[in-house]
Amino acid sequence: MSDTDAASTGEKDSTELTDEEWRERLSEEEYRVLRESGTEARFSGEYVDHLPEDGEYRCAACGEVLFDAETKYESGCGWPAFYAAEEDSVTTTIDTSHGMRRTEVRCASCDSHLGHVFDDGPEPTGKRFCINSVAMEFDGE
């Protein structure tokens, strides 16, 4: 459910949820990735080989539209890859965990961890948004 839907039904907006409420709302694996900045195993995710022509990928935590299906491509990295995110749908921060320096991608709506973005993607952006499948839900419209 998106935060807009939550507001109309009187439910809490995802920015107001406590850690306990997130644990109730998400599966154990979703919680580990989305709220604890975990990573699913390479080539294990539902959307790795998923290449639809139409649709949207939404945040599994709050329903925010993150990526258009047209921007998904096969990168060979082992996680779903996109060359562009929907405008204002994600934020980025520097991640120095695991002895690496990477750019972390988070949902702009609920601040959930989605994955990382790299500068080795295809044109027109040159970006490779490497996103955990468990962090998304596909909406085939």
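Helices here are DSSP runs of H or I with at least four residues, and strands are runs of E with at least two, numbered from the N terminus. What you have open is a predicted model, where local features need pLDDT of at least 70, side-chain atom pairs count only at pLDDT 80 or more, and totals for chains, interfaces and linings use all residues. Residues are numbered from 1 along each chain as its sequence is written, and side-chain values use heavy atoms, with hydrogens and water left out.

Start by selecting the whole protein chain and colouring it by secondary structure. From the N terminus you will pass α-α-α-β-β-β-β-β-β-β-β-β, that is, three helices and nine strands. Turn the C-alpha trace along its principal axes: the spans are about 40 × 40 × 25 Å.

Next, switch on a burial colouring. Of the 141 residues, 46% count as buried (under 20% relative accessible area; exposed is over 50%, partly exposed in between; 1.4 Å probe, protein chains only).

Now select residues 113-118, which form strand β7, and pick out H116. Is H116 buried or exposed? H116 counts as buried, because its relative accessibility is 6%.

Add D95 to your selection: its side chain makes a polar contact with the side chain of H116 at 2.7 Å. A polar contact is a pair of N or O atoms within 3.5 Å; within protein, one must be able to donate a hydrogen and the other to accept it, and residues adjacent in sequence count only if both atoms are side-chain atoms.

Finally, show the other contacts of H116 (heavy atoms within 4.5 Å). Beyond its neighbours within four places in sequence, H116 touches D95, R102, T103, E104, V105, R128, F129 and C130.
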